Amino acid sequence: MNADAPDLYPNRLDAVRARAREIGIDHVVVYSGEDMAYLTGLRMESHERLTALVIPAAGDAPLLILPSLELTDPVRRAAEQVGATVHPWADGTDAVALVAGKVSGRVSVSTAMPALHLVPLQQGVDGEVVLASDVIDHVRAVKNAHEVGELAEAARRIDAVHERMGEFLQVGRTESEVGELITAAIEAVGLTHAEFVIVGSGPHGADPHHGVSDRVVQAGDVVVVDIGGPLPSGYHSDCTRTYSMGEPSGQVARDYAALQEAQRLAREAVRPGVAIGEVDAAAREYLAATGLGERFIHRTGHGIGLGLHEPPFVAPGADTVLAEGMTFSVEPGIYLDGHWGARLEDIVAVTADGRRDLNNGERGLRVL
Ligand code: ZN
Ligand code: ZN
């Protein structure tokens, strides 16, 4: 529970119910994981025993259906705080049928619910099952000041790790060795763990989802370092900087300068009322105009909060209209297969009249 905001979870539940009514949903089924944590503060792992919070859009109290062995005092307190009735079930019970019996009409289900539960639920419900994207994801996409503050603090801490990169990223070390040093530094700044560490040196930088390897960092390499981890509250950080081991070639310097300008233009495009696809277009069109369009092979960014990657997505043509409190990454990259790559990633928050950059470390190609 958040002592500063005792109404936090009830308010979020109210927002979900209001949104459900607005778009004609009768029941919302929240699965364990991020959605459950967002709405109740309960951090329950998903497994083969179903845990779900059933929220009627109007009328009755929410119903927390969970395995009886999971019913602890903290769970009782969290349920009480949001006014939910608890319904424990014993092994041998068909828990999905239990949920199906409590819902009807248009039923909106957490996107994270696995097929293991979703398929029998669809078969058992008297009504239509739809994804919760337009309900829970919609509400989660807009952060309050407290949440933006958490994301800003997470960003500040990951910036501090990048500031120390010269201690970790050195010629002669393997990417794995560099990664271990970065992991320790992420834990040292009070993030709970390194959620991911990418050290893409030389040709490995051209693979956006490279992790680490036994490749030894060499003089002249361009190195993509993309790192992040959550605060104890669960709010994530995610920041990429690109490093050059020694002075870069003229070509690398020119291409990186184009990338940096593309990323700046995309951040400049962030303000309320703009379709999020316009943010993507700002980066994409500039890179195309500088001859690097073919090298930019992914979307420009993703929402971030309790989830590392969550809606809204900054993709070509995406029509989500930006609103104050939305938070997402702006991370164009260029990838020259077999040679090198570069990416520049910051988290931004939409404000009343523009944006706030949550990451504030130097954005140029950093020469080590
Ligand atoms: Zn990243
Ligand atoms: Zn990212």
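**Zinc site and the β2 strand**

The donor residues of the zinc ion (ligand 1) follow the sequence spacing D-x11-D-x106-E. The structure is a predicted model, in which local features need pLDDT of at least 70, side-chain atom pairs count only at pLDDT 80 or more, and totals for chains, interfaces and linings use all residues. Residues are numbered from 1 along each chain as its sequence is written, chains are lettered from A and ligands numbered from 1 in the order in which they are written, and side-chain values use heavy atoms, with hydrogens and water left out.

Donors are N, O and S atoms within 2.8 Å of the metal (3.2 Å for Na, K and Ca); water is not among the atoms, so sites may look incomplete. For the zinc ion (ligand 1), D226 contributes OD twice, D238 contributes OD and E345 contributes OE, at 2.0 to 2.4 Å. D238 also bridges to the zinc ion (ligand 2), the two ions lying 3.1 Å apart. D238 and E345 are 107 residues apart and link distant parts of the chain, D238 in the loop between β8 (222-228) and β9 (239-244) and E345 in the loop between β14 (340-343) and β15 (346-350). Strands (E, at least two residues) are DSSP runs, numbered from the N terminus. D238 is buried at a relative accessible area of 2%, and E345 at 0%; buried means under 20% (1.4 Å probe, protein chains only).

In strand β2 (residues 52-56), 5 of the 5 residues are buried, so the strand is largely enclosed by the rest of the structure. Strands pair if DSSP finds at least two bridges between them. β2 pairs in the antiparallel sense with β1 (residues 27-31) over 5 bridges and with β3 (residues 63-67) over 3 bridges.

Methods:
Helix = DSSP H or I, 4+ residues; strand = E, 2+ residues; numbered from the N terminus. Buried < 20%, exposed > 50% of the residue type's maximum accessible area, 1.4 Å probe, protein only.
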